[in-house]
Amino acid sequence: MKLNKTIQTIKPSGIREFFDITAKMPDALSLGVGEPDFVTPWYIRNAAIKSVQKGYTAYTGNRGLHELCVGITEYLGERFGTRYDPDTEVIVTVGASEAIDLALRVLVEPGDAVLVPSPSYVSYMPIATLCGAHAVPVECAEKDDFRLTPEALERAASLGNARVLIMPYPNNPTGATMSADDIAALLPVIEKYDLAVISDEIYAELTYDGVHVSVPSVPGFRERTVLINGFSKAFAMTGWRLGYTAAPADVTAAMLKVHQYTALCAPTPSQYAAVAALKEGREDGYHTVADMKAEYDRRRRYVVGELNDMGLKCRLPGGAFYVFANVSSTGMDGQRFARGLLAAEKVAVVPGDAFGDAGRDYVRMSYATSLRTLMEAMKRIRRFIGAEK
C-alpha cells in the first residue's frame with residue numbers, strides 16, 4: 001500500500017526512542033518521560049469507579065459533561081483569572097494532545113507558517129505539518145531564560161505567511177515561564193502580523209516562582225487565543241487522557257466540528273473523575289496539588305544544585321518538572337551525551353535536539369521521580385563525566 005507522503009517525512013519522537021530503549025533495560029534509571037510519579041488521588045479514582053458502577057458508560061455530549069464544562073470555567077476563573085462560557089467556549093478533549101490538534105486544524109491553511117518557540121514540546125511541529133502548514137522555529141536563548149522575546153518573534157514572523165503562534169509556558173523541556181510583562185511585550189508583534197495564539201498551559205499548576213500568568217488573562221490576548229489545559233500534570237491523571245480547550249465561541253464551534261467527527265467525546269469515566277478532581281480539589285484548597293508541587297520543588301532544587309556543582313550549566317526552571325542542562329562543557333552534544341550516559345551508566349535522559357535544533361547542546365532530565373532515584377542518577381552522571389566528589 002502507498003503511504004501518505006507527508007506522514008513519511010515526519011520523524012518518530014526523540015523522547016519515545018529513548019523510552020523504548022530504556023524499557024528493554026530493566027535496571028536502567030529513567031529521567032526521560034515526563035509523567036508524574038504520583039498515583040491519581042483516591043477521591044478521583046473513586047469517582048470513576050462509582051460512575052461505572054452506576055452504569056454511566058454511554059457517550060456524553062460532544063462538548064463533554066455539562067457539569068465538567070462548568071467546573072472547568074470556574075476553575076480557570078478562580079485560579080488564573082480567565083473567564084469563559086461553559087456552553088459555548090469549552091470542549092473536553094482526549095488529552096491536551098487532541099486539543100492542540102483541534103486548534104491547529106481550524107486555524108491554519110496549507111502553506112501557512114506556525115511559529116513554535118524552540119526548544120519546545122515535540123508534538124507542535126509534526127501536527128502543524130499534518131495540517132498542511134510549515135513550522136518555523138523561534139529560537140529562545142538560554143541568556144533570556146528560554147523566554148520568548150519580541151525580537152525573536154519579529155525575526156520569525158517576518159519570514160512570511162505567519163498565521164499562528166504557539167506559546168507553551170511553563171515550557172517543556174526548559175521549564176521557562178513568562179510574566180505578564182513578558183507576554184504583554186509580545187502583543188505589538190502579534191498584532192502587526194495578526195497572529196492567532198495557541199497557549200498550551202498544561203503545566204500551569206507547576207509554577208514555582210510566583211504565580212502562573214495565563215495568556216488570555218493579559219489584555220489584548222483573549223479574543224485571539226485558544227487556551228489549552230488538562231488534568232494530566234496537575235492531578236496526576238496522564239492515563240485518563242483528558243484535556244480541554246477554552247476559546248472564543250466561533251473558534252470553539254469550528255473545533256467542535258472536528259472533534260465530533262474524529263473523537264466524538266472524551267472517555268465518560270474520565271470525565272466523572274475530572275468533575276471530582278475540580279470539585280473536591282476546590283473544597284480542600286487544592287492541597288493535593290500543592291503537596292505534589294512542593295515535592296517537585298524540593299527535587300528541582302536538588303537536581304539543579306547537583307548539575308551545576310559537577311559543571312553542567314543548568315538554570316533553575318520556573319515551572320514544569322524538567323531541567324535542561326547544557327552539556328557542552330563535556331565536549332559532547334546532547335545526542336552523544338545521552339547515548340554515552342545510557343550505555344556507560346544506564347541512566348536515560350533525552351537529547352535536547354528532540355525539542356528543536358536550538359537544544360542540540362542540552363539534555364532534558366525529568367525530576368518527576370523519587371528523590372532516591374535522582375540521587376543515584378546524579379552519582380552515575382558524576383562518574384560518567386569524571387566529576388566525582
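**Figure 1. Residues around the centre of the second largest pocket in the predicted model.** Gly34, Ser97, Tyr121, Tyr203 and Lys233 lie nearest the centre of this pocket, whose lining comprises 29 residues. The volume of the second largest pocket is about 610 Å³. Helix 2 and helix 5 (residues 95-107) each provide at least two of the lining residues. Helix 5 makes the greatest contribution to this lining, with four residues. Divided by class, the lining of the second largest pocket holds 14 nonpolar, nine polar and six charged residues.

**Figure 2. The largest pocket and the elements that line it.** This pocket encloses about 710 Å³ of space. Its lining is formed by 29 residues, and those nearest the centre are Lys11, Met125, Asp353, Ala354 and Gly356. At least two lining residues come from each of helix 2 (14-23), strand 3 (113-118), helix 6 (124-130) and strand 4 (134-139). Helix 6 supplies the most, namely four residues. The lining of the largest pocket consists of 15 nonpolar, eight polar and six charged residues.

**Figure 3. Surroundings of Asn171 in the loop between strand 5 and helix 8.** The loop that holds Asn171 connects strand 5 (162-167) with helix 8 (180-192). Asn171 has a relative accessible area of 1%; because this value is under 20%, the residue counts as buried. The side chain of Asn171 forms a polar contact with the side chain of Thr174, at 2.9 Å. When neighbours within four places in sequence are set aside, the residues in contact with Asn171 are Pro119, Ser120, Ala176 and Ala320.

**Figure 4. Side-chain directions in strand 2 and its pairing with strand 8.** Strand 2 spans residues 90-93. Val90 and Val92 point one way from this strand, whereas Ile91 and Thr93 point the other way. In a regular strand, side chains alternate between the two faces of the sheet. All four residues, Val90, Ile91, Val92 and Thr93, are buried. Strand 2 runs antiparallel to strand 8 (residues 243-246), and the two strands are joined by four bridges. Within this pairing, Val90 of strand 2 is placed opposite Ala246 of strand 8.

Definitions and conventions:
Residues are numbered from 1 along each chain as its sequence is written. This is a predicted model: local features need pLDDT of at least 70, side-chain atom pairs count only at pLDDT 80 or more; totals for chains, interfaces and linings use all residues. Side-chain values use heavy atoms; hydrogens and water are left out. Buried means under 20% relative accessible area, exposed over 50%, partly exposed in between (1.4 Å probe, protein chains only). Two strands pair if DSSP finds at least two bridges between them. A polar contact is a pair of N or O atoms within 3.5 Å; within protein, one must be able to donate a hydrogen and the other to accept it, and residues adjacent in sequence count only if both atoms are side-chain atoms. Contact means heavy atoms within 4.5 Å. On a 1 Å grid over the protein atoms alone, a cavity is a set of points where a 1.4 Å probe fits but cannot get out, and a pocket is an open set with protein on both sides within 12 Å along at least five of seven lines; lining residues have an atom within 4 Å of a point. Grid points are joined across faces, edges and corners, and a volume is the space filled by probe spheres set on the points. Ala, Val, Leu, Ile, Met, Phe, Trp, Tyr, Cys and Pro count as nonpolar, Asp, Glu, Lys and Arg as charged, and the others, Gly among them, as polar.
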